[in-house]
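Visitor: I would like to learn how to read side-chain features in a model. Could you walk me through some of them?

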Amino acid sequence: MASVTNLTNLTPATTSAGSRSSSVLPRSSVNLRSFNAKLSSASHLSIRYNQQTRPSLFVRCSASGGNGSTTKRTTLHDLYEKEGQSPWYDNLCRPVTDLIPFIARGVRGVTSNPAIFQKAISTSDAYNDQFRTLVESGTAIKKAYWELVVKDIQDACKLFEPIYDQTDAEDGYVSVEVSPLLADDTKTTVKAAKLLHKSVNRPNVYIKIPATSPCIPSIRDVIASGISVNVTLIFSIARYEAVIDAYLDGLEASGLDDLSRVTSVASFFVSRVDTLMDKMLEKIGTPEALDLRGKAAVAQAALAYQLYQKKFSGPRWEALVKKGAKKQRLLWASTSVKNPAYSDTLYVAPLIGPDTVSTMPDQALEAFIDHGTVKRTIDANVSEAEGVYSALEKLGIDWNKVGEQLEEEGVDSFKKSFESLLGTLQDKANTLKLASH
């Protein structure tokens, strides 16, 4: 079990009223009006072009040189301005200035997870200098990991702070997850979330907490303490309702007169649902079962949106609104398409609706910018979604059990990424120590 003490000695950045940490990017570097100039001169930015010579959003971490690309309006701007959905980017790596062209093209927030950091830190040399300094100062490996992560999150928060300010705390967030090793530990998750929030010390950070059964009370307590939360790994409507209730309970228990700065998103995973469901349907093998392949995830998400609309209305919610409370937005996560037979925008295009977020990795983001259609779709076929959901139940599929299996697999995957990265860092530390002798 990971110890919360791994976070206790992280140096928090000063508040906005004081001096900023030197590791954080200057505000002037993210002035949206100066993006064209910045893109032409900023180092470490390289935008790859595809075979049709269309500008691609793929940015190579730690690549050198710039290509002078100019900013232009994309479907991501339309997605937000016309339909009220916030496009976020599901990736983070060093240098965080690689995010500048994404923001210019309409990205309004960033999500990260242990798997993303495992890939970023283990495959890039950009972390070596800071890591070497930490190792030479005698910093333990786990604490060094959090130092690396917190610096990236602080720098990314600075980039997105203008969006956070312009939208009155509704957008411009950067998400960072507590240790996945704590997914079954209610009290320690609360402590870890508070320490991580204090260490990052940015108004636009989301602390990610998994929606496991033991962590539902953690979510409530962290919200009650005034910390904004991204609830992750939601795979079923039943668990999603528990997440909403935890948010509402937390707001009510906070005792705050102004709730406008305590916000949350509920990360509802989509593509992984179809990955598992399709296997189950192929095992059943009937024509009816096979016809339902690729339909489960979007159907369940559409019904989750119906629940969202129901729960964030009525007397209880209106009482919180009077104190400035903001709705806990649904965030569509796991939007990359795993099955090449499916449309590459399958988990973005049918889930467009107001007051929602879609966080997209490179593949999904590139596809939607290139040929995505911006129109409200999330509640366009509710009856069809209900039909798919019921048809799957009639085939003997238990949605809650599917959700539990996916949750277990998701937590296990993040644990493995976390432990793998710690192992990689230990190897690097050993190499550095040998080289110094």
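Visitor: Let me begin with one residue. Is Tyr-173 buried or exposed?

Guide: Happy to start there, with the reminder that this is a predicted model. The general idea is to look at relative accessible area, where under 20% means buried. Tyr-173 has 0% relative accessibility, so Tyr-173 counts as buried.

Visitor: How many aromatic pairs are there by the ring rule?

Guide: The count comes to 15 aromatic pairs. One of them joins Tyr-164 and Tyr-173, with ring centres 5.5 Å apart.

Visitor: What kind of pair do Tyr-164 and Tyr-173 make?

Guide: The angle between the planes decides, and over 60 degrees counts as edge-to-face. The planes of Tyr-164 and Tyr-173 stand at 90 degrees, so this pair is edge-to-face. Tyr-164 has a relative accessible area of 6%, so Tyr-164 is buried.

Visitor: And what does a stacked pair look like here?

Guide: For stacking, the planes must be under 30 degrees apart. Take Tyr-389 and Trp-399: there are 5 degrees between their planes and 4.2 Å from centre to centre, and the pair is stacked. Tyr-389 belongs to helix H16 (residues 382–394) and Trp-399 to helix H17 (residues 399–436), so the pair ties together parts that are ten residues apart in sequence. Both Tyr-389 and Trp-399 are buried.

Visitor: Which residues form an aromatic cluster?

Guide: One cluster is made of Tyr-247, Tyr-305, Tyr-308, Phe-312 and Trp-317. Keep Tyr-247 in mind, as Ser-264 touches it.

Visitor: Where is Ser-264, then?

Guide: Ser-264 is in strand S8 (residues 264–269). Its relative accessibility is 1%, so Ser-264 counts as buried. Leaving aside residues up to four places away in sequence, Ser-264 touches Tyr-206, Ile-223, Val-229, Val-231, Tyr-247, Lys-327, Gln-328 and Arg-329.

Visitor: What does the side chain of Ser-264 reach at 2.7 Å?

Guide: The partner is the backbone oxygen of Val-229. That gives you a polar contact to look for alongside the list of neighbours.

Visitor: Let us turn to charges. How many salt bridges are counted?

Guide: The count comes to 21 salt bridges. In one of them, the side chains of Arg-108 and Asp-171 meet at 3.0 Å, N to O. Arg-108 lies in the loop between helix H4 (100–104) and strand S4 (110–111), and Asp-171 in the loop between helix H7 (141–166) and strand S5 (174–177), so the pair ties together parts that are 63 residues apart in sequence. Both Arg-108 and Asp-171 are buried.

Visitor: Over which ring does the charged end of Arg-108 sit?

Guide: It is the ring of Tyr-80, and the charged end of Arg-108 is 3.5 Å from the ring centre. Arg-108 thus gives you two features to read: a salt bridge to Asp-171 and a charge over the ring of Tyr-80.

Visitor: Which residues are linked in a network of salt bridges?

Guide: Arg-73, Asp-78, Glu-81 and Lys-82 are linked in such a network. Within this group, the side chains of Asp-78 and Arg-73 meet at 2.8 Å, N to O. With a relative accessible area of 16%, Asp-78 is buried, while Arg-73, at 49%, is partly exposed.

Visitor: And where do Lys-416 and Asp-412 lie?

Guide: Both are in helix H17, four residues apart, about one turn of the helix. Their side chains meet in a salt bridge at 3.3 Å, N to O. Lys-416 counts as exposed at 52% relative accessibility, and Asp-412 counts as partly exposed at 36%.

How values were computed: Residues numbered from 1 in each chain as written. Predicted model: local features only at pLDDT ≥ 70, side-chain atom pairs only at ≥ 80, totals over all residues. Heavy atoms only, no water. Phe/Tyr/Trp six-rings, centres within 6.5 Å; stacked < 30°, edge-to-face > 60°. Buried < 20%, exposed > 50% of the residue type's maximum accessible area, 1.4 Å probe, protein only. Helix = DSSP H or I, 4+ residues; strand = E, 2+ residues; numbered from the N terminus. Lys NZ or Arg CZ within 6 Å of the ring centre and 35° of its normal. Polar contact = N/O pair within 3.5 Å; in protein donor to acceptor, adjacent residues only side chain to side chain. Contact = heavy atoms within 4.5 Å. Salt bridge = Lys/Arg side-chain N within 4 Å of Asp/Glu carboxyl O.
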